[in-house]
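Open the model in your viewer and keep the selection box at hand. We will go from stop to stop, and at each one you will get something to select and a note on what is there.

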Amino acid sequence: MFKPTNELRPFKLLTTERLTDIDVSWNYLSGVVPSELFDLESLTQLNLEGNYQEGNCTRYDGTSIDMLSDGLEGNVLGPGIGKLIKLESLKLYQNNFSGSISPRVGSLNRLCEWAHFSAGMNFLSGTLPEEITQLSNLSYLEIGYNEITGSIPVSIGDMKSLGDGTIPDSLYNLTHLKELHLRNNEPGFSGSIKPEVGNLTKLEQFVLSHNPLLSGSIPTELGNCIDLNNLRLQNTNLTGSVPPEVCALRDIKLNLDSSWTESFFWTDCSPDNETLPPYVVCECCSTCW
């Protein structure tokens with residue numbers, strides 16, 4: 001396996017006051033992000049995603065080599081991020097970033113309605129700072145596959161543009177929400193799914209998997225989310241049955257398009273052994289864990 005040594009190093013370009021966009025995504029880059037990056041206060045777009053990867057590279061002579069990159073490193077969401085107050089889009093997905101999310105992330109209030117704040121598939125830890133809810137224009141927030149703990153800030157319900165601990169009741173005020181991904185955080189989010197989830201009538205993806213502290217039952221009101229096409233609740237502590245009102249959503253999709261085969265429901269509906277019942281009874285799940 002060939003391991004590239006490409007690093008994102010300081011260079012003269014990082015001192016220009018005119019630089020507004022940096023996109024080095026999916027380039028097999030590795031190493032620590034230089035601190036000089038946070039001096040580029042004119043930046044509006046920062047895309048570092050996808051550098052933790054492995055794959056195949058074809059050389060000029062037609063031969064190929066396998067490649068592996070550990071991705072970019074550092075506490076890129078530390079206090080320095082608060083200096084980039086002109087940022088409109090921030091993509092950090094799938095790297096090797098660590099550390100906690102600084103409260104200064106709340107200074108990025110230009111992250112806008114069409115933009116992404118994606119930091120999933122890293123090694124971020126700590127809790128979500130209350131200040132993240134100051135990003136009131138943000139439409140997409142993705143932080144899954146990290147090591148974030150604690151509760152979701154109660155004031156997340158004030159982030160009215162999101163269209164893309166415990167789970168606070170205010171989450172159900174986000175009536176324009178289309179995607180909610182809170183999966184794979186250890187030890188994970190706690191609490192239950194409240195009946196008010198039925199207020200999220202525009203919801204298309206509801207992913208709370210791999211949160212072992214999530215408990216209770218799946219509410220009937222989830223059936224009000226008529227656009228739902230991706231429900232993943234496996235590896236949780238949920239019990240009971242998937243309500244028929246929720247299963248009916250899958251039937252609606254199949255009636256509209258008989259070729260529709262996308263994985264729809266994932267729950268813990270497979271028994272631990274031959275003598276123990278499953279945690280969740282589901283007659284319409286595409287995958288049982």
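Start by selecting Cys247 and Cys284: both are buried, where buried means under 20% relative accessible area, exposed over 50% and partly exposed in between, with a 1.4 Å probe and protein chains only. A disulfide joins Cys247 to Cys284, with 2.0 Å from S to S; the term covers a pair of cysteine sulfur atoms within 2.5 Å. This pair links distant parts of the chain, 37 residues apart: Cys247 is in helix α1 (residues 244–256), and Cys284 is in the loop between β20 and β21 (287–288). Helices (H or I, at least four residues) and strands (E, at least two) are DSSP runs, numbered from the N terminus. The torsion about the S-S bond of Cys247 and Cys284 is about -70°, so this disulfide is left-handed.

A word on what you have loaded: this is a predicted model, in which local features need pLDDT of at least 70 and side-chain atom pairs count only at pLDDT 80 or more, while totals for chains, interfaces and linings use all residues. Residues are numbered from 1 along each chain as its sequence is written, and side-chain values use heavy atoms, with hydrogens and water left out.

How many disulfides does the structure hold? There are two, so add Cys282 and Cys285 to your selection, whose sulfur atoms are 2.1 Å apart in a disulfide. Here the torsion about the S-S bond of Cys282 and Cys285 is about 100°, so the disulfide is right-handed. Cys282 and Cys285 are both buried. While you are looking at cysteines, select Cys225 too: its relative accessibility is 0%, so Cys225 counts as buried.

Next, the strands. Show β16 (residues 214–217) and β18 (residues 237–241), which run parallel and are joined by three bridges; two strands pair if DSSP finds at least two bridges between them. Select Ser215 and you will find its bridge partner in β18, Asn237. On to β20 (residues 280–281), which pairs with β18 in the parallel sense over two bridges. There, Ser241 has Val281 as its bridge partner.

Stay in β18 and pick Thr239, which belongs to this strand. Is Thr239 buried or partly exposed? Thr239 has a relative accessible area of 37%, so it is partly exposed. Draw a C-alpha to C-alpha distance from Thr239 to Ser217: they are 22 residues apart in sequence and 5.2 Å apart in space. Leaving aside residues up to four places away in sequence, Thr239 touches Gly216, Ser217, Ile218, Tyr279 and Val280, where contact means heavy atoms within 4.5 Å.

Now select Leu231. With the same sequence neighbours left out, up to four places away, Leu231 touches Phe206, Leu222, Val246, Phe264, Phe265 and Trp266. Leu231 is also one of the residues that touch the most other members of the largest nonpolar core, which has 35 residues; Ile193 and Val242 are among the others. A nonpolar core is a set of buried Ala, Val, Leu, Ile, Met, Phe, Trp, Tyr and Cys residues joined through side-chain atoms within 4.5 Å. Apart from this core lies another, of 34 residues, including Val33, Leu72, Leu77 and Ile148.

Turn to Trp266 and add Arg232. The charged end of Arg232 sits over the ring of Trp266, 4.1 Å from its centre; this counts if NZ of Lys or CZ of Arg is within 6 Å of the ring centre and within 35 degrees of the ring normal.

For the last stop, display the open sheet of five strands, in the order β2-β6-β8-β10-β12, with parallel pairing. β2 (31–32) and β12 (147–149) stand at the edges with a single partner strand each, so one side of each has no neighbour in the sheet. Step across the sheet as follows:

- β6 and β8 (residues 96–100) pair over two bridges, and Gly74 has Phe97 as its bridge partner in β8.
- β8 and β10 pair over three bridges, with Gly99 opposite Leu124 in β10.
- β10 (residues 123–127) is joined to β12 by three bridges, and Ser125 has Glu147 as its bridge partner in β12.
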